[in-house]
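Colleague: Please take a close look at one part of this model, its salt bridges, and then set them in the context of the chain and of the contact between chains. I would like the reasoning spelled out, with the accessibility of the partners given wherever you can.

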2 protein chains.
Amino acid sequence: MKPKLTLKQIARELDVSVSTVSKALRDKTEISEDTRQKIKAFAKLYNYRPNNIALSLKNRKTRTIGILIPEIVHHFYATVIAGIEKVAHEQGYNVIICVSNNSFDHEVMNLEMLAGGSTDGFIVAVAKETQQRGDYHHLKEVIHQGMPMVLFDRIVEEVECDKVIIDDEEGACMAVKHLLERGCRRIGIITTVDYVSVGKLRTQGYRKALESCGIPVDEQLVLKIEDMDRSEEQIAQFLREQKMDGIFGVNEEFSTSAIRALHKMGVKVPDQVRVVSFSDGSLSARFIPSLTTINQHGAEMGEKAANLLINRLEADPGEEEPYKTQMIHTSLVERESSL
Amino acid sequence: MKPKLTLKQIARELDVSVSTVSKALRDKTEISEDTRQKIKAFAKLYNYRPNNIALSLKNRKTRTIGILIPEIVHHFYATVIAGIEKVAHEQGYNVIICVSNNSFDHEVMNLEMLAGGSTDGFIVAVAKETQQRGDYHHLKEVIHQGMPMVLFDRIVEEVECDKVIIDDEEGACMAVKHLLERGCRRIGIITTVDYVSVGKLRTQGYRKALESCGIPVDEQLVLKIEDMDRSEEQIAQFLREQKMDGIFGVNEEFSTSAIRALHKMGVKVPDQVRVVSFSDGSLSARFIPSLTTINQHGAEMGEKAANLLINRLEADPGEEEPYKTQMIHTSLVERESSL
DNA sequence: TTTCAACACGAAAACGTTTGCAAGCCAGTG
DNA sequence: CACTGGCTTGCAAACGTTTTCGTGTTGAAA
């Protein structure tokens, strides 16, 4: 690993002082036109790049944003990251991504690592395990230490900071209403257990939509999947036991599993059963039949989160605004599965 | 942004020198048991964490790996990243991810940024635009500056460094042979234009498989998609014009588009036409019919790349081994589309 | 009492920057 | 000639660490 070109070396070569070099490269008029040109030419020739680390140390700013997400092999998070990247780069920030793999311990470790000077602030979606055990001291601690944080998607109420969330309830409501408009009367929902915040909200939206149309909620039609690995069979069983004309799946996995099971049963989608899904992926458009979905606008979410964070990072001390929670609205994309 | 606790502050509070604190925390016997305990207790109480930036500057090592990929909203890259993350974290390395969005300029910018001291080395898949224009000076430059780099997936021959590639040709060959075994005789391929290295290799594999079975390649059955946005119609047209009993799609998009088009034409998969796809996603297993695929083992690729890089980073100077190119083998996963 | 080793700690340099300030030089002015 | 002022440039401190090399204080041996 060759040592990189530093100010000191340039200074030695050109027989001037380090400060002169620094000033020349920063185009200070303090340095005579002659010397400045000479130094800049030399720097360009040998391709000088200032050392970010040294700059970070000096400025006590890294211009780096840390992202901490539960999993990366997930289309939704990928889109959020893309959104964050976009505005971060526009504003001259770099991005570090860490993945907790939905483990509490990993989350704590990564957070400590990032807080150790590598980043100026965080954008975080908490791990499932963390939500489950309800221990948020690590989040509170880094905030307490003065690092700005934005929570998104999997947020936690108890932590005070900026937040960006999807209007899950509204989205679910929209989905179910769409099914109602299409004439469905017995609408089932395939959702997650309640400690997953988004699942809970979507279930709420489902209830709300039905109630607002005066249809009582039949608890038989609410399937909560605990174990993702056994979801296929549970869904198949659910579909065999309950007679429905509409299904709302809170994610693509559940919805496609349902359609697959119906397909095996010889039930036609959308002719006999219509399906609407929450979506985070590219699967929906390609599926046969293509899925009517509630789109989540992950990129927009990432952009908002990044903007919130950067605003806070660049706010003058004492000028801090109160914490905000921004809502991302969903939109219904009609496709074949609910025609 | 509260200033974080530093050695200097601990020293002041406890009325000792900075060096004493540093040594105590690092458990040097030089410092008396008493003072050591006192300092460690204090540090623990106030939750002292050494500043990574300062350490990086001092050690001229960041223990950070830079990943540069063309796009993140892509299941394959997500799996590779997951693999890299895994071994990086095991070895105490951090990971920075940058995305070029397939733009040459972005790639150059990001590379310069990362090379500016933020990382010890790179793992890179080059942008499509870069492959197209064949300008690799930026890659060569950072290598020349002494930063180790590992290229993966979208590699470039001209750059001398470690590489990890998928055996695309072998995979394609396997796919086509599978179709032949299933009795297909007129097998079409839907692939990319040749400047995309993986597309080219997969096309070669296709030819090889046919030739090895004594079947001449009919150029009419080779569809090269240039413009992804118009792929749907091109594929539909291709299927209408050519009579085939087997189709090999070099990615999930092409394969599912083909099945969709066949579906519309009333042609049954796999009964009338069998389909095999290269795969990088989770779509295959869920699709109806589920897709027989050539799996790419992205995580394994990431792990290998990370190991290669870390080995080089930790090699003693003068001990460097010659550059290696590691091959990842693909595997055939049989599902419904080729039954 | 002197000398010396062992022990406990501190000073300072280094990593690569930036920047306020001091200082040198030269020309012009009184 | 002595000052002043402008123009250049260098010095040094600072960011938070680690580490080498002192240095001062013991207690014991000579």
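Modeller: One convention has to come before the pairs themselves: a residue is called buried when its relative accessible area is under 20%, exposed when that area is over 50%, and partly exposed in between. Please also keep in mind throughout that this is a predicted model.

With that scale in hand, I would begin with A:E300 and A:K304, whose side chains meet in a salt bridge with 3.5 Å from N to O. Both residues belong to helix α14 of chain A, which covers residues 298–314, and they stand four residues apart, about one turn of the helix. A:E300 has a relative accessible area of 31%, so it is partly exposed, and A:K304, at 28%, is likewise counted as partly exposed. Elsewhere, salt bridges that share partners link A:D27, A:E33, A:R36 and A:K40 into one network.

One member of that network, A:D27, deserves a remark on its backbone, for its phi is near 65°, a positive value in a residue that is not glycine. A:D27 sits in the loop between α2 (18–25) and α3 (33–45) of chain A, and its relative accessibility of 41% places it among the partly exposed residues. A:R60 also has a positive phi without being a glycine, here about 50°, and its place is the loop between α4 (52–59) and β1 (64–69) of chain A. At 70% relative accessibility, A:R60 counts as exposed.

The pair formed by A:K224 and A:D194 has a different kind of setting, and its closest N and O atoms are 3.2 Å apart. A:K224 lies in strand β7 (residues 222–225), whereas A:D194 lies in the loop between β6 (187–192) and α10 (197–212), so this salt bridge ties together parts of chain A that are 30 residues apart in sequence. Both partners fall in the middle of the accessibility scale, with A:K224 partly exposed at 33% and A:D194 partly exposed at 34%. A further pair joins A:E233 to A:R230, with 3.6 Å between the closest N and O atoms; here A:E233 is partly exposed at 47% relative accessibility, and A:R230 is partly exposed at 41%. Over all chains, the count comes to 40 salt bridges.

As for the chain that carries these pairs, chain A contains 14 helices and 12 strands, and 55% of its 339 residues count as buried. Its C-alpha trace spans about 85 × 40 × 35 Å along the principal axes, and its radius of gyration is 26 Å, where a compact globule of 339 residues would have one near 20 Å. Among the contacts in chain A between residues at least 6 apart in sequence, 70% join residues at least 24 apart.

Salt bridges also cross from chain to chain, and four of them are counted between chain B and chain A. In one such bridge the side chains of A:R49 and B:E112 meet, at 3.0 Å from N to O. The count of residue pairs in polar contact between the two chains, both residues at pLDDT 80 or more, is 23. Several elements of chain B give two or more residues to the side that touches chain A, among them α5 (75–90), β2 (94–99) and α6 (104–118). Charged residues make up 12 of that side, alongside 26 nonpolar and 21 polar ones.

In terms of contact, 59 residues of chain B meet 58 residues of chain A, and together the chains bury about 5,000 Å², of which 55% is on carbon and sulfur atoms. B:I53, B:R286 and B:I288 supply 15% of the area that chain B buries against chain A, more than any other three residues. B:I288 has a backbone feature as well, being joined to B:P289 by a cis peptide bond with omega about -5°, and B:P289 falls in the loop between α13 (283–286) and β10 (292–295) of chain B. In chain A, the peptide bond from A:I288 to A:P289 is cis too, with omega near -5°, and A:P289 is located in the loop between α13 (283–286) and β10 (292–295) of that chain.

Technical notes. Residues numbered from 1 in each chain as written. Chains lettered and ligands numbered in written order. Heavy atoms only, no water. Salt bridge = Lys/Arg side-chain N within 4 Å of Asp/Glu carboxyl O. Buried < 20%, exposed > 50% of the residue type's maximum accessible area, 1.4 Å probe, protein only. Contact = heavy atoms within 4.5 Å. Buried area = accessible area lost by both parts, 1.4 Å probe. Polar contact = N/O pair within 3.5 Å; in protein donor to acceptor, adjacent residues only side chain to side chain. Nonpolar A, V, L, I, M, F, W, Y, C, P; charged D, E, K, R; others polar. Rg over C-alpha atoms; globule rule 2.2 N^0.38 Å.
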